[in-house]
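Here is a short note to read alongside the structure below. Please keep the sequence open while going through the points.

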Amino acid sequence: MEEVDVEPTITNIPALRRGKHMGFAWGQGNIFVYETLFKATGATGSGSPFIHEVRKDEDIYSPILRKLFNESHHIFVGLQTIREDLPSKNKKPQFVSISKNYRSVIRACMEELQQVAVSTKNAEMSVQYGNQVSILLAIELIWNLCEVLFIDAAPAGSLLLHLLDWVRLHKADVDEKARDVLQSDSPAEHRDYWDVVVSYVLQGRLDEARQMLGKKATLTPAANNIYKMMDNLLSKMPFYNPGGTQTLTEFDVKWRHWHEEVDRCLQDNSFASNQHLEVICKILLGDEDTLLEHKDLLGTWYHFLVSRLLFCHPTVKPTELHYYAQSCMTMFLDSRSAPEPLDSILLAAFEFDIHQVIKDCSIALNNWWFVAHLTDLLDHCKLLQSHNLHFGSNLREFLLLEYASGLFTHHSLWQLAVDYFDHCLEFGRVYLELQIERVPLDTERKALKVLRICEQRQMSEQVRSICKIMAMRALRNNRLGSALSWSIRAKDAAFATLISERFLQDYCAKGTFSDLDLIDNLGPAMLLSDRLTFLGKYREFHKLYGEKRFKEAAKLLLSLMTAKIAPRSFWMTLLTDALPLLEQKEVIFSADQTYELMFCLEELTSSLNTPSSDSDKSMQEEDVELTKVELLRLALSRNLAMAIVKEGTVET
Amino acid sequence: MFVARSIAADHKDLIHDVSYDFHGRRMATCSSDQSVKVWDKSESGEWLCTASWKTHSGSVWRVTWAHPEFGQVLASCSFDRTAAVWEEIVGESNDKQRGLSHWIKRTTLVDSRTSVTDVKFAPKHMGLMLTTCSADGVVRIYEAPDVMNLSQWSLQHEISCKLSCSCISWNPSSSRAHPSMFAVGSDDSNIASGGKVQIYEYNENTRKYGKVETLMTVTDAVHDIAFAPNLGRSFHVLAIATKDVRIFKLAPMRKESSSTGPSKFEVQIVAQFDNHNSQVWRVSWNITSTLLASSGDDGCVRLWKGKKLVHLQQEHRRLPSVGNRLQCSDRFLIFLRWVHD
């Protein structure tokens, strides 16, 4: 019931023994495999020596390709902001320029790779870089063709000019050869001289061809005539000027005249005395056999195609391309050699079968960068819908999700992936939610970075979870302040209570608070849990006390007990804190307040006196406790007396 | 794909399970040598063994990490009829310098009378809950009510599945629309004993887990099951390792609003792969459920990628137009296989 698109790639795992199973575990972007045996219960066997880490995307780890990812990310984001409501005619130049930007990023990477491939001393690395260069070359070649055919969508006339540019850009070895020839002592005698001339002609670079021919003509005055004749033919060859006033039909008529003139020269045997010039003459006539005799100079079937179009069908229409492409490919490739993936991809492009191009590229390249960005661009050009109404947007999203998920496995590139997910309307958010919570929170800084991304997108569950993880980690490492601030961010009341409890325990043990800054600035966050409120208020009391604002301090202390903010277990500590206030010369607690304090003390002592609760306390501890209560009672009654006297005095 | 590095595991017997922690920075391995090892990824990307200790008195079948919200917690299960919970203690500073960590046993769960075949933490939104299943056909769900005290676990549910259990999987969906749900597989090889995958769901009213579905078409022994991450879908996707790889879709049927009975599902098989030629032993989804990995008797791990599967809902709706042009990455697979020296 299941059919498979392509034969799967096989990755071999080095191992020792036959008849064992392979266990596995998913990682992020990788998979762990190990030798095991699933069958037997309670099985024993010899140990498994190795666990192998298998990775998917090696490209991601190349520092040079990382630039490609970074820079194309900017272009991608820019593309997403092109306004939908502009008429498509106005958008086309923008799309073409974006396409060119993508290609220039590819070119830049390619050049850099080329340089390191040459400069590296490591042979293995050199091969690896070389491979990456050839992949990028192919990518750029395909992209450029897609740009000409789909994005720029050049009409008849201009189409050929674009294709010529395309071929010239990708068959640049002519220029190198020409440089060698020109730099030699006598260029016209150079063994590559005619190759260069013919190559120029094949690419339609006729001015350069004429300059080259001029060098030979001056050397052989006897044959000057026929060189002049060739120069004349070459100079007269018409090229369509898309910006000009000439119509395509007028151009066609002019071109036919020129063609007839070339044909006449051949029929007259004008060039019979010079086989090289005769060959050029035949090429100008688009003679298939002659063209095919120069396979080595053409290099590829698509160069053959473009040269043939140049000299036979300069006004080729986009819709006719597929016919010529197919026949050129068949003619050019040996019947024995099957077309390579690149050939099929280019052919599919000439056939305007965008989906086939994308599909073949996905399979051949094992690299989502290219298909994801190209598909996205084509989708913006509204090219996918017209082909397939149902899956257009999904195909784009599918490829972008794949690409971005790959980025997420990298320790720094994951940040780029966020923007890609943001621009996938259907599943982008779910993917981001699943991926982002797996980003390792190595440092607080990184955690805050991840958190910000989640907060900006209102991903409340992820925000909560990250804060909780950080709070738990801080607590495990006894960093109470950090734990508290993370649990406040997580709005985790239970955890905040637990940590406040720890703070209070620490205070009881040491008599000082740690992380004062945090506790002093809790603000409304204090209300998250009762215990946290108490912690904050209790600290406030100490602050007031320290600032000698005794009245306010006293009032707050009392309210902590009467409003039941303080846990009962902490009352004794609070009452002890009241002692120095009671001992002040000035009366601080009013009579009413003193009554309330006394009430609190009685409530506490009556509950403490239940024998079960402190049966395990030592006699000594009990003594201390009793002394404390006695001292408090004494202080309270003395204060009460003073307060009554004072209040009486004031009233009268 | 390529082998990036090989790690000398140094277990004295077969490794039965390797488990990655939530962030992919730590790894735990368990073995028939009765030990568990914890591995940490260094800054340079190397895996270093930071703890190795004897955990059980029999083969350790599975090891699994709790969500990091609960700290650094592991659970293991064994042939010795127990499951255990382990917690890492932040050690002395000189231990840290030597790159070692301390794990202490917080609890041993001894309720099973037979080998404990699988252990899984429930999705984190349910709290800290641990599930075990055993060869005598019982699924047990434990809860740690106080996440700061992992020595206290209470047995919340005991569910008899009647058939020897080999594996459990929780439905990871945290949507309110989906009650808590898990699937349990049986390795009972007797075809006559019926469907080997049972689905249980929590019922708010009875406060119990009740069986809501048995996959009657899966009659051969089941070795592993895995719910896919939900991706916000209304339906659930379950992968099963039996004599082949099978993927089921479970779509809850619309309930009467007044109905309090168990959910009903429309069960549909969406894929079946027999490429392993014989028994399949493990299945597992990647984070976003775009890839399913399976391991089988052919000694291969196979990765399955199904565009159709991921976008099942959409495709279902647009069924008439499916299957023509867009086969891009429709379903391709990648093998990993042994090389025999």
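**Notes on chain B and the nonpolar cores**

1. In an unreviewed UniProt entry, the annotation "repeat: WD" is placed on residues 8–40 and 273–305 of chain B; such annotations may be inferred rather than shown by experiment, feature names are shortened, and positions are given in the numbering used here.

2. This is a predicted model, in which local features need pLDDT of at least 70 and side-chain atom pairs count only at pLDDT 80 or more, while totals for chains, interfaces and linings use all residues. Residues are numbered from 1 along each chain as its sequence is written, chains are lettered from A and ligands numbered from 1 in the order in which they are written, and side-chain values use heavy atoms, with hydrogens and water left out.

3. The span 8–40 of chain B is 0% helix and 58% strand, with its end C-alpha atoms 14 Å apart; for residues 273–305 of chain B the end C-alpha atoms lie 12 Å apart, and the span is 0% helix and 58% strand. Chain B as a whole has three helices and 25 strands, where helices (H or I, at least four residues) and strands (E, at least two) are DSSP runs, numbered from the N terminus.

4. Of the 341 residues of chain B, 61% are buried, meaning under 20% relative accessible area (1.4 Å probe, protein chains only).

5. The largest nonpolar core, a set of buried Ala, Val, Leu, Ile, Met, Phe, Trp, Tyr and Cys residues joined through side-chain atoms within 4.5 Å, has 207 residues, of which A:Trp301 and A:Phe350 touch the most other members. Its largest share, 13 residues, comes from helix H3 (residues 123–151) of chain A.

Definitions and conventions: Buried means under 20% relative accessible area, exposed over 50%, partly exposed in between (1.4 Å probe, protein chains only).
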